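Visitor: Hi, I'm new to this one and would like a walk through it. Could you bring it up for me?

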Amino acid sequence: MKKIYNSIMLAAVIATGAGCTSEYLSVENPMAAPIEEYFTTPEHLEEALTAAYDPLEWTDWGMGQYSPIMLMSDIMADQIWVGGADKTDNQFWHLMMNYEAVPTMTLSSLWTNAYSGVKRCNDVIKYMGWTEGLAPDVAKSYEAQVRVLRVYYYSWLWKFWGNVPYYTENLEDPWVCAQSSADQVYEGMITDLEAAIALNALPMRRSGADLGRVTKAMAYMLYAEITMYKNDTARLGNALAYMKEIIESGKYSLVDDYRTIFTLAGENNSESIFEITYKSENAVRGWSWSLGAGGTVLPRLIGPYNLADASGVHLNGWGFAPVRTETYEMYDPADERRDATCWDASGLSYDKRYQDTGFFLEKYAPRTDYSQGYLSDADFGFGNNYRIYRYAETLLNAAELVLAGYGSGDAESWLNAVHSRSLDGTTVSLSLPNIKEERRLEFVGEGKRYWDLVRWGDASSVLVPDSYGYRTNTWSESKRYLPIPQTEIDASASTSEPLTQNNY
């Protein structure tokens, strides 16, 4: 089953006060029964679990903004531009790119999406106490899944804003809680994730109808991601052990041809650890129901504007996120990753928009084979899954952690497995510069580069004004966290726990 469907709208977070001052809109369930009576069967609890996955899909368009999770970090890095009609088009993207976001124009939708996910995960744990006849192994599996998902949602908040409200039981009237520091949020996340892993209730890999659900490997990758970003030296040995467990499990392997990874046939391939799933066939998601099940608008966002593609392979888009010329040129011409990442549309007929380079992100390009059989708006008719964690990252994480002294392992072999896959017959020596370079080439458009530069301490030297006059500011530590949306600041102002704005 390619798409996990939401069978029931449980509750929605109103856009104002999605964090510390949440209000909730109760939605009548199909049985017209009180919620305490409805969620007493395993079947209805599974509906709540399914609903906890739904906010994963909403970042591309929801809560009034386009904010696809990968691009929101990549626009702050050095490999793609923002594009669009001009620098007022999706203006908050342009402000983020230049490290000048303001509270009234920032990434407010992702804040609401993340807390919607947290709320739904908390719901599942609460409802489990009401459910009759739930098998113990199923209960452990559900708990592990929503704990991992909750950490994943909080990781968005922690990386982008740092100092946010953190809670694991849903708020009640008057919907307030204390704002936590970034360090406190991290401790809450890592403790929750360790508890989920300790349940030992998740398979290393899933198949069939369970594709798209949390696995042990996904939990391990999330653990490595947040501990490496935090540079938690007390836990990086554990992160390496988890990477080695994935490697030694034999459940994952690199695909032979990098060029196939981001194709329709390449979804959930041998190196896919976690994908956010979308479905074009029978998709009902559209402008009138953006929280429904179906496809993603991301490909439409990033395709060439008014494209005339005689080959019938690609469809037109809106000209956002053009790939930088320097990104295309950083690849060896023999590197399979170049053309699989950078679509050279310069020879095609289309209307050039702001920051156009002629190159677009092929990984999520609007392709005809991804847009078939949708029932709603064509803009949402793309079934491109978002690749969140791949086995290539497992290997590079493990190599980096061994090199840093957190354990032993064949780090050079792991590094070269990734390198040689796309540059056949060539190898590199084990070094941090070579690991950094491999990540730079491997993960363009996958939401990794910006966070890598920050955690390595390279952001202030790499993310500097460019020669085009697009980025005029230099990244600094004071720019690590975005300003908290002003709507959240205002909603909390008269409560007992008002939010403190980030310096930015």
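Guide: Here it is, and please keep in mind that this is a predicted model. A place to begin is G457, which follows helix α16 and has a positive phi, near 80°.

Visitor: And what about α16, is it mostly covered or exposed?

Guide: Helix α16, which spans residues 449–456, is mostly covered, with eight of its eight residues buried. Those buried residues are R449, Y450, W451, D452, L453, V454, R455 and W456.

Visitor: What do the buried residues of α16 pack against?

Guide: They pack against several helices, namely α3 (69–74), α6, α8 (216–230), α13 (391–403), α15 (432–442) and α17 (459–462).

Visitor: Let's switch to α6, then. How do the axes of α2 and α6 cross?

Guide: The axes of helix α2 (residues 42–53) and helix α6 (residues 136–160) come within 10 Å of each other and cross at roughly 20°. An angle under 35 degrees counts as roughly parallel, and α2 and α6 are therefore roughly parallel to each other. The crossing in which α2 passes α6 is left-handed.

Visitor: Which residues make that contact?

Guide: On the α2 side the contact is made by L45, E46, L49, A52 and Y53, and on the α6 side by Y142, Q145, V146, L149 and Y153. By character, the residues of this contact of α2 with α6 divide into eight nonpolar, one polar and one charged.

Visitor: New topic: how many aromatic pairs are there?

Guide: The structure holds 36 aromatic pairs. One of them is formed by Y66 and W287, an edge-to-face pair with 6.4 Å centre to centre and 90° between the planes. Y66 lies in the loop between α2 and α3, while W287 lies in the loop between β3 (272–276) and α10 (298–302), so this pair ties together parts that are 221 residues apart in sequence.

Visitor: Are Y66 and W287 buried or exposed?

Guide: Y66 is buried, with a relative accessible area of 14%, whereas W287 is partly exposed, with a relative accessible area of 36%.

Visitor: What about Y364 and Y386, how are they arranged?

Guide: Y364 and Y386 also form an edge-to-face pair, with 5.8 Å centre to centre and 80° between the planes. Y364 sits in the loop between β7 (359–361) and β8 (386–390) and Y386 sits in strand β8, so the pair links distant parts of the chain, 22 residues apart. Both Y364 and Y386 are buried.

Visitor: Last one: which residues do ring pairs link into a cluster?

Guide: That cluster consists of W111, Y115, Y154, W158, F160, W161, Y166, Y167, Y186, Y229, Y450 and W451. Two of these names, Y450 and W451, came up earlier among the buried residues of α16.

Notes: Residues are numbered from 1 along each chain as its sequence is written. This is a predicted model: local features need pLDDT of at least 70, side-chain atom pairs count only at pLDDT 80 or more; totals for chains, interfaces and linings use all residues. Side-chain values use heavy atoms; hydrogens and water are left out. Axes are lines fitted to C-alpha atoms, for helices over the stretch in contact, and angles run from 0 to 180 degrees between N-to-C directions. Helices (H or I, at least four residues) and strands (E, at least two) are DSSP runs, numbered from the N terminus. Angles under 35 degrees count as roughly parallel, over 145 as roughly antiparallel, 65 to 115 as roughly perpendicular and the rest as oblique. A crossing is left-handed if the near helix is turned anticlockwise from the far one by less than a right angle, and right-handed if clockwise. Contact means heavy atoms within 4.5 Å. Ala, Val, Leu, Ile, Met, Phe, Trp, Tyr, Cys and Pro count as nonpolar, Asp, Glu, Lys and Arg as charged, and the others, Gly among them, as polar. Buried means under 20% relative accessible area, exposed over 50%, partly exposed in between (1.4 Å probe, protein chains only). Rings of Phe, Tyr and Trp (its six-membered ring) pair if their centres lie within 6.5 Å; planes under 30 degrees apart count as stacked, over 60 as edge-to-face and the rest as tilted.
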